[in-house]
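Reader: I would like to learn how to read a few features of a protein model. Please take them one at a time.

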Amino acid sequence: MGLVLAWLGGNVDYDLALVTSFAVIVPMEVFFPRREGGVSMASRARAALFWLAWVPVTIATMVLIRPFWNELGIRPLVPSLAPPGLPHPVAVVVGALAAAFVGDFFYYWCHRAQHSIPLLWRFHAVHHSVRELSGMAAYHHVSEELIKIVLYSLPLAFFIDDPLGVPVLGALLGVQGHYLHSTTRLNLGPLGRIIQDNRFHRIHHSIERRHWDKNFGVFTTLWDALFGTAHFPAKDEWPATGVESAPEPASVADFYLLPFHLASGRLRPPGADAPADVAARQVSAP
């Protein structure tokens with residue numbers, strides 16, 4: 001169960017996050033870029049530095065929390081969501097995919113909470129502050145791991161415990177998470193109506209008011225469609241990103257301390273026409 005915690009809290013292979021960005025996502029962005037503009041090497045280097053700052057904190061967090069997690073004695077309702085009778089390698093893949101869909105239900109509501117609760121938004125705003133959004137610059141504030149453990153890892157732990165399925169799920173969502181923020185023109189085409197691609201998630205980071213409250217899922221579009229928050233982008237819809245009142249971190253100190261420098265809940269994306277005294281977080285309460 002410690003492995004489940006380590007990955008389902010967003011940390012199963014923190015090295016995978018970096019390796020994937022360097023070895024897979026960055027070449028996709030370089031060789032298959034979108035025409036709307038590229039990502040500077042300075043932005044990628046800064047993001048790599050923040051990932052390196054993220055790793056030791058998350059390792060320490062997992063080490064401290066694991067004993068408490070083990071004390072909970074959580075047992076999964078089923079070890080795998082794959083139908084019985086499948087060959088084991090197939091069952092591992094099918095079970096991981098099924099867990100990704102189920103897990104995205106919990107992530108969807110966790111994500112909405114991060115946008116609608118002012119205190120949580122202050123920390124999540126670090127992620128949304130990025131102007132040059134890319135596969136590398138998909139970092140979150142280190143505190144978000146604790147939030148995800150409570151709102152995402154705990155419920156999902158009831159649905160997967162397969163010793164092979166967990167790392168397969170980790171690899172799948174690790175790659176997916178960085179791809180969603182990438183600037184490559186490669187997308188999933190019609191499959192993007194079910195599985196999220198970077199065009200769909202770009203809307204979630206948009207500075208445009210019409211895109212607020214949209215696209216909270218990170219694996220599938222189904223939960224957004226079901227709960228009325230889906231915005232399927234047009235072919236060339238690729239908005240700018242960032243948050244006006246949350247400057248993008250420029251140093252490791254900024255990365256750690258930015259939430260504490262922000263006025264609670266009083267953040268709005270660049271270009272918002274709301275008065276400065278109106279609290280306009282990225283979204284309203286669900």
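Reader: Where does helix H6 bend, and by about how many degrees?

Author: This is a predicted model, and in it H6 bends by about 40° at Val150.

Reader: How many residues does H6 have, and what end-to-end span should they give?

Author: The helix has 13 residues, 144–156. At 1.5 Å a residue they should span 18 Å, and the end C-alpha atoms are 17 Å apart, so the two values agree.

Reader: Which residues of H6 are buried?

Author: Start with the general idea. An α-helix has 3.6 residues a turn, so residues three or four places apart point the same way. In H6 the buried residues are Glu144, Glu145, Ile147, Lys148, Ile149, Tyr152, Ser153, Pro155 and Leu156.

Reader: Tyr152 is on that list. Which core does Tyr152 belong to?

Author: Take the largest nonpolar core before that one. The largest has 22 residues, and Trp54, Met136, Tyr139 and Phe255 have the most contacts inside it. Helix H3 (41–72), helix H5 (118–128) and helix H10 (252–261) each supply at least two residues of this core. H3 gives the largest share, seven residues. Tyr152 belongs to another core, which lies apart from the largest and has eleven residues, including also Ala96, Ala100 and Phe106.

Reader: What about nonpolar residues on the surface?

Author: Val30, Phe31, Phe32 and Leu186 form a nonpolar patch there, and together they have about 380 Å² of accessible area. Leu186 sits in the loop between helix H7 (165–179) and helix H8 (198–204).

Reader: Why does Leu186 count as partly exposed?

Author: Its relative accessibility is 34%. Partly exposed covers values between the limits for buried, under 20%, and exposed, over 50%, so Leu186 falls in that class.

Reader: How should I read a backbone phi angle?

Author: Look at the sign. Most residues other than glycine have a negative phi. In this model Asp213 has a positive one, near 65°, and Asn215, also not a glycine, has a positive phi of about 60°.

Reader: Where are Asp213 and Asn215 found?

Author: Asp213 is in the loop between H8 and helix H9 (222–226), and Asn215 is also in the loop between H8 and H9.

Reader: Is Asn215 buried or exposed?

Author: Asn215 is buried, because its relative accessible area is 0%. Asp213, at 26% relative accessibility, counts as partly exposed.

Notes:
Residues numbered from 1 in each chain as written. Predicted model: local features only at pLDDT ≥ 70, side-chain atom pairs only at ≥ 80, totals over all residues. Heavy atoms only, no water. Helix = DSSP H or I, 4+ residues; strand = E, 2+ residues; numbered from the N terminus. Expected span 1.5 Å × (residues − 1). Bend = angle between axes of the 7 residues up to and from the residue. Buried < 20%, exposed > 50% of the residue type's maximum accessible area, 1.4 Å probe, protein only. Patch = residues over 30% accessible without salt bridge, like charges linked within 9 Å, V, L, I, M, F, W, Y side chains within 5 Å. Areas by Shrake-Rupley, 256 points an atom, 1.4 Å probe, with all protein chains shown as cover. Salt bridge = Lys/Arg side-chain N within 4 Å of Asp/Glu carboxyl O. Core = buried A, V, L, I, M, F, W, Y, C linked by side-chain atoms within 4.5 Å.
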